[in-house]
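Got the viewer open? Here's a short walk through the model, one selection at a time.

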Amino acid sequence: MNLFGVLNLDELSHGLAGLSMFPYFDTAHYIVSVMALREQPGALEVARRSPFACWFSSMLYCFGGGILSGLMMAEAPIAFLSNSTSVLMASVIWYLVFYCPQDVVYSCTALFPLRLVLTGMKEMTRTWKVLGGVAQAHSKYKDGLLVMIAIGWAKGAGGGLISNFEQLVRGVWKPETNELLKMTYPTKVTLIGAVLFAMQQNQYLPVQKHHLMLLYTVFTVVNKTRMMLTGSSSSPFAPIESVVYRTFFAGPSPSSYTTETKTLVVKKPSTDSSTATKKSIKEACESLKVAAPGSPSKTAAHNRGKGSPKKAKEQPESTETESNKKSD
């Protein structure tokens with residue numbers, strides 16, 4: 001690109017491409033990864049109860065990308081153990097972060113300025129991991145663009161993608177934290193990098209590799225630094241994601257189906273109740289007709305009730321007449 005020549009960035013991009021990640025950048029990656037594990041809920045209790053489970057979880061945090069990409073490429077997932085130097089360095093860092101007396105190491109690395117530098121160095125290793133995954137896939141699948149994207153993504157964000165398995169090692173089961181259900185910023189930016197480097201590898205992207213490495217590295221480091229300085233966890237891709245989602249994937253919401261179902265359920269019993277009400281009204285009217293005041297049974301009873309007092313009056317009068325006659 002002519003822009004790199006004009007800005008005198010061509011030498012910088014070449015120097016960055018030839019930069020070795022071992023030992024300084026790898027060490028920063030191990031420190032930040034083990035610190036992230038320690039800050040998980042319940043991690044300290046696991047470290048006290050089962051140091052081996054804690055160590056194994058730390059190795060998954062540090063070498064998760066190599067493990068997942070090895071499984072996807074039908075290679076041994078324990079190949080990372082062959083690099084004894086890296087494993088020994090990660091193990092020493094794990095011990096110091098969890099078990100150092102007076103918690104000196106963790107307290108020092110948790111200082112914000114130092115942690116900011118270590119996180120920036122860790123983001124630089126992401127570029128090399130994604131590029132290594134794409135090159136690994138290209139060695140076996142020359143034209144497999146999707147394979148390159150998948151392996152590059154797994155290599156760069158394997159620790160997050162296998163987080164559910166790592167949680168099981170610590171005795172935690174949280175399927176709702178699956179990265180495929182709700183991707184975090186590192187997983188998203190790694191996927192974008194895998195797509196870019198895979199397209200460049202297949203010559204679909206007209207840019208040289210070392211130039212793309214410089215652009216991608218600057219983008220990841222600057223964004224991560226900005227997020228830490230501002231204390232924001234929002235992804236810079238959120239506006240684009242929102243537009244794409246509303247345009248292509250915003251179908252009928254489940255709430256509409258729920259509302260329709262509730263309406264049907266409410267309407268059906270209301271019809272039945274109205275029918276029952278009509279029937280009850282008819283029955284009440286019929287009973288009222290049967291028990292009306294002009295019915296023969298009630299009239300007879302009424303007349304009988306009226307006739308009894310007259311007879312009671314006639315009896316005293318007859319007795320008085322008879323008594324008068326006797327007296328005369």
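Among contacts in the chain between residues at least 6 apart in sequence, what percentage join residues at least 24 apart? The figure is 74%. Bear in mind as you click around that this is a predicted model.

**The whole chain**

Start with a cartoon view. You'll be looking at 15 helices and 0 strands. Colour by burial next: of the 328 residues, 33% count as buried.

**Helix α6**

Now select residues 84–99, which make up helix α6. This helix has 16 residues and spans 22 Å from its first C-alpha to its last, close to the 22 Å expected at 1.5 Å a residue. Turn on side chains and look for the buried ones: S86, V87, M89, A90, S91, I93, W94, V97 and F98. An α-helix has 3.6 residues a turn, so residues three or four places apart point the same way.

What covers those buried residues of α6? Show α3 (24–38), α4 (43–49), α5 (51–72) and α7 (104–109), which are among the elements that do.

**The nonpolar core**

Keep I93, V97 and F98 selected and add Y30, V34, F63 and F197: these residues have the most contacts inside the largest nonpolar core, a set of 56 residues. At least two core residues come from each of α3, α5, α6, α8 (112–138), α9 (145–161), α11 and α12 (209–230). In soluble globular proteins, nonpolar side chains tend to be buried together.

Zoom in on Y30. Leaving aside neighbours within four places in sequence, Y30 is in contact with C62 and F63, and also with S86, M89, A90 and I93. Those last four should look familiar, since S86, M89, A90 and I93 are on the buried list for α6.

**The second largest pocket**

Switch to a surface and select M183, K188, L191, I192, F237, I240 and E241, the lining of the second largest pocket. The elements that give two or more residues to this lining are α11 (185–201) and α13 (238–249), and α11 gives the most, with 3. The space inside comes to about 220 Å³. How many of the lining residues are nonpolar, polar or charged? Colour by type and you'll get 5 nonpolar, no polar and 2 charged.

Pick K188 out of that lining; you'll find this lysine in helix α11. Is K188 buried or exposed? K188 counts as buried because its relative accessibility is 17%, below the 20% cut-off. Not counting residues up to four places away in sequence, K188 touches M183, S235, F237 and E241. Of these, M183, F237 and E241 also line the pocket.

**E179, in a loop**

Go to the loop between α10 (163–169) and α11, where E179 is found. At 9% relative accessibility, E179 counts as buried too. Beyond four places in sequence, the contacts of E179 are G160, L161, S163, T184 and T187. Try a C-alpha to C-alpha distance from E179 to I162: they are 17 residues apart in sequence and 8.4 Å apart in space.

**Last stop: M228**

Finally, select M228 in helix α12. With a relative accessible area of 21%, M228 is partly exposed. Which residues does M228 touch, not counting those up to four places away in sequence? Show F112, R115, L116 and T119. F112 is 116 residues from M228 in sequence, but their C-alphas are 9.1 Å apart in space.

How values were computed
Residues are numbered from 1 along each chain as its sequence is written. This is a predicted model: local features need pLDDT of at least 70, side-chain atom pairs count only at pLDDT 80 or more; totals for chains, interfaces and linings use all residues. Side-chain values use heavy atoms; hydrogens and water are left out. The expected span of a helix is 1.5 Å times one less than its number of residues. Buried means under 20% relative accessible area, exposed over 50%, partly exposed in between (1.4 Å probe, protein chains only). Contact means heavy atoms within 4.5 Å. On a 1 Å grid over the protein atoms alone, a cavity is a set of points where a 1.4 Å probe fits but cannot get out, and a pocket is an open set with protein on both sides within 12 Å along at least five of seven lines; lining residues have an atom within 4 Å of a point. Grid points are joined across faces, edges and corners, and a volume is the space filled by probe spheres set on the points. Ala, Val, Leu, Ile, Met, Phe, Trp, Tyr, Cys and Pro count as nonpolar, Asp, Glu, Lys and Arg as charged, and the others, Gly among them, as polar. A nonpolar core is a set of buried Ala, Val, Leu, Ile, Met, Phe, Trp, Tyr and Cys residues joined through side-chain atoms within 4.5 Å.
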